[in-house]
Amino acid sequence: MDHRLDKHHDRNSTKSKKKGATAAPEQPHFRAMAMMTDHEPKLAFGKDVYTPKSIVGNVTPDYQPAGVVVETSSTQAVASSPWEEAKLTLVGLYYPLGPCLERLPRYKLEDVLDTLRRVFPMLSLHTKYNNSPISASCRSLDQVALEVVILGARDDTEQLIVEISKQEGDCYSFHLYAKQILSAVTGRVSAPEPVIRCSWNLEALSQADTVTECEENILEAIDIAGRMVSSERYDAQKLALESLVHMTDPNKSGWSTSKAIAQCLLHPKDETQQKLSKIILELALMDSADTSPFGSGDRAMDYDNDSFESEHSYVGLVILSQALQIAAGAKTLDVKTFLEMCGFDLVGCITEKISEVQSKPHDAYYAVQALSALCDCVPSVRSLVRGADVEEAQLVGESSHLALATVTEKLLVSLQA
């Protein structure tokens, strides 16, 4: 019995060596694909760690997923402006196409590129363009990272493929963006609807809100968020900050709840609220060279500190901006006292965020929203705002970011009042 097994094993080993197989287990997917070609598959997957799909060179360093090493090539071409000298590349023989794609006639390539150049700014996507292969790495205001790739079809030389894949972020929001982009590319819609609202209709929200939130529940939610943010666990910190983003958004939590949360952040009453308010401020105004208000903790060993501190900083800016917008709409929160209690030049720090609009348009968007709210609440702030920075942000918004263009126009009108 053992002799027969050994003989069977030797025969299989000899057969494997002849075929050039590796020690990694054979994948059924690639066996099926090999039956459709004249060549043996040369790829073998023996890794235990799954890495997201990516084409060489089409994920830029700014949007590279954490923990994923993207190969670079001497033939990689990154476009300084949208797709100059773009060349269509055939889809890889074993490239796993995703479900979010459309096939179009190849002669429509220029029309597709023109449509995408127009759609990305309308959806307020911060975009980096690559020429070879033709692709775009996009990040939305709600931190959905997606990749749009245009490839030549291998099974039909007269077709091209427009594929959209999610790199990170909320799945539902990603599908909203993908649906808008593909609908515009195929001509089903001429003008996509923005996924993120440029501004809130606070009056309508306050009138529609008939739910009176229990104060005890608000205090409990703030207490839990404060303890989680103060912990040394990255996942707890991130969950707490994301919860505060939703709680300060009246479209998601209701007017009464968001107003109560904003009051706790702008006018903290106890030690927990004071610590939480301080952390949100430090995060919102933190520069890349600054030290995080969090302790070292576990994430210092397991994560890239710079990228995750930058992520926390963005979320903190969103929370602060939304809290100030609620204060401007409520007209009952004393923002002037909040400015005096900060202990530093809050207006100047927010304006610095706007000056980085070329590299961080999403940060500039929320900084402009925060300044607009401060100007509405404290008119004397208008004299402290640098109009040149706001005008530059408006120019960037008009060329590539619809939401930013909308809010900067509102702020410029307020500064001239």
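**Close-up views of a predicted model**

**View 1. Leu281 and its contacts.** Leaving aside residues up to four places away in sequence, Leu281 touches Leu320, Phe338, Cys342, Phe344 and Leu346. This view, like the others here, comes from a predicted model. Leu281 belongs to helix H10, which covers residues 271–284. Is Leu281 buried or exposed? With a relative accessible area of 10%, Leu281 falls under the 20% cut-off, so it counts as buried. Ile319 makes a useful landmark too: Leu281 and Ile319 are 38 residues apart in sequence, and their C-alpha atoms are 9.2 Å apart in space.

**View 2. The largest cavity and its lining.** Stay with Leu281 for this one, as Leu281 also helps to line the largest cavity, together with Leu265, Leu266, Ser277, Ile280, Leu320, Ala323 and Phe338. Two of these lining residues, Leu320 and Phe338, are also touched by Leu281. Helix H9 (255–266), H10 and helix H12 (305–330) are the elements that each give two or more residues to this lining. Which element gives the most to the lining? That is H10, with 3 residues. By residue type, the lining has 7 nonpolar residues, 1 polar and no charged. The space inside the largest cavity comes to about 60 Å³. Across the whole structure, a search finds 3 cavities of 30 Å³ or more.

**View 3. Trp83 and Tyr129, an edge-to-face pair.** Now for the rings: the model has 5 aromatic pairs. In one of them, the rings of Trp83 and Tyr129 have centres 4.8 Å apart and planes at 80°, so the pair is edge-to-face. Trp83 sits in the loop between strand E1 (77–78) and strand E2 (89–90), while Tyr129 is in strand E4 (residues 126–132), so this pair ties together parts that are 46 residues apart in sequence. Both partners are buried: Trp83 has a relative accessible area of 5%, and Tyr129 has a relative accessibility of 12%.

**View 4. Tyr365 and Tyr366, a second edge-to-face example.** Tyr365 and Tyr366 also form an edge-to-face aromatic pair, with 4.9 Å from centre to centre and 80° between the planes. Tyr365 and Tyr366 are both buried.

**View 5. The cluster around Trp83.** Step back to Trp83 and look for Phe120 as well. Which residues do ring pairs link into a cluster? They are Trp83, Phe120 and Tyr129.

Conventions
Residues numbered from 1 in each chain as written. Predicted model: local features only at pLDDT ≥ 70, side-chain atom pairs only at ≥ 80, totals over all residues. Heavy atoms only, no water. Helix = DSSP H or I, 4+ residues; strand = E, 2+ residues; numbered from the N terminus. Buried < 20%, exposed > 50% of the residue type's maximum accessible area, 1.4 Å probe, protein only. Contact = heavy atoms within 4.5 Å. Phe/Tyr/Trp six-rings, centres within 6.5 Å; stacked < 30°, edge-to-face > 60°. 1 Å grid on protein atoms, 1.4 Å probe; cavity = no way out; pocket = protein on both sides within 12 Å on 5 of 7 lines; lining within 4 Å. Points joined across faces, edges and corners; volume = space filled by probe spheres on them. Nonpolar A, V, L, I, M, F, W, Y, C, P; charged D, E, K, R; others polar.
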